[in-house]
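Trainee: I am new to this structure and would like to learn how to read it. Could we go through the features in turn?

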Amino acid sequence: MQNHVCNSRHMSESSERVYEELTPRTMDAVLQFLEGASFDCEREAYECEAVGEITPEHMQRSIMLPYEIALTERSKKVVLTTGKNRSIPTTANFIVRRDTSRLSLHTHHIGLGQETTTPSFSDIYLTDFASPRTPLILAHRLGLTVYRRPILLDPSTLKPVRSDIRDTLLLWGEENNIDIFSFGGKNLRSPHDLTPNEKFSLERKFAAEANLIVEDGEWEDTQRIQGIMDYINLRRNKNS
Ligand SMILES: [Zn+2]
């Protein structure tokens, strides 16, 4: 990824332009390129295979970029795809890998604010599509968080409530007076009326009540971070 940039250009389904680098680069080179690149992240996306060790420093650099990025696995290699300011990538190839590959990581960059250290409601919704073997990881200002499909307990039996995630979110929203999907009609608060901090604190509340977080490593906690980096470097399998 020098200045000549990419060997392949194509349009994604969402009609953004995708620049696909066909020669694998080290994470250092990919980040260096992105740090110097100027492009419209809402309409353009970059994708490149990252070879070599990915370090916690690389992950910390990646949350400084002004858009979310994602790491997925393709043929035992890590692929970096750039997303948008407030969303994960939307390119077709990324969406296929996101749900089934050995890795599904995305960032909440520091430009999103201080509080975006938990999976968002849309991240939670997407856990419905992820395969059980795919570790879901969020990189954020404070560290790395491994999360999973929400498990809500029935308050009377303390057994997990079995329902799909959309229903789980809807019911939880009703209990918390929020119309999470903006369906309207039920005298609940619209998510659009929430301040960012109200939204983040609801997301944190949901994460706690739905046992969403599997592992939370702060950047200073090198041992825990290293354990999560093993997923990112494809050395650790989920459920092993
Ligand atoms: Zn997210």
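Mentor: Let us begin with the domains. This is a predicted model, and the domain assignment divides the chain into domain 1 (8–148 + 212–232) and domain 2 (150–210).

Trainee: How many residues does the contact take from domain 1 and from domain 2?

Mentor: Domain 1 supplies 13 residues to the contact, and domain 2 supplies 14 residues. On the side of domain 1 that touches domain 2, helix H4 (residues 121–126) gives the most, with 3 residues. Sorted by class, that side of domain 1 has 6 nonpolar, 5 polar and 2 charged residues. The centres of the two domains, taken over C-alpha atoms, are separated by 26 Å.

Trainee: What radius of gyration would a compact globule with 240 residues have, and what does the chain have?

Mentor: A compact globule with 240 residues would have a radius of gyration near 18 Å, and the chain, which has 18 Å, agrees with this. Along the principal axes, its C-alpha atoms fill a box of roughly 60 × 40 × 30 Å. The secondary structure comes to 7 helices and 9 strands. Among contacts in the chain with a separation of 6 or more, 64% are between residues 24 or more positions apart.

Trainee: I should like to turn to the interior. Which residues touch the most other members of the largest nonpolar core?

Mentor: The general idea is that in soluble globular proteins, nonpolar side chains tend to be buried together. Here the largest nonpolar core has 43 residues, of which Val30, Ala50, Leu71, Leu80, Leu105, Ile137 and Ile232 touch the most other members. Domain 1 and domain 2 each contribute at least three residues to this core. As an example, Leu80 touches Val30, Cys48, Ala50, Ile69 and Leu71, leaving aside residues up to four places away in sequence. Across the chain, buried residues make up 33% of the 240 residues.

Trainee: Why is strand S7 described as largely enclosed by the rest of the structure?

Mentor: Strand S7 (residues 136–140) is largely enclosed because 5 of its 5 residues are buried. In a regular strand the side chains alternate between the two faces of the sheet. In S7 both faces are covered, with Leu136, Leu138 and His140 buried on one side and Ile137 and Ala139 buried on the other.

Trainee: How many bridges join strand S6 to S7?

Mentor: Strand S6 (residues 104–107) is joined to S7 by 4 bridges, and the two strands run parallel. Within this pairing, Thr107 stands opposite Ala139 in S7.

Conventions. Residues numbered from 1 in each chain as written. Predicted model: local features only at pLDDT ≥ 70, side-chain atom pairs only at ≥ 80, totals over all residues. Core = buried A, V, L, I, M, F, W, Y, C linked by C-beta atoms within 7 Å. Buried ≥ 20, exposed ≤ 12 C-beta atoms within 10 Å, placed from the backbone. Domains from an automatic or database assignment. Contact = placed C-beta atoms within 7 Å. Nonpolar A, V, L, I, M, F, W, Y, C, P; charged D, E, K, R; others polar. Rg over C-alpha atoms; globule rule 2.2 N^0.38 Å. Pairing = 2+ DSSP bridges.
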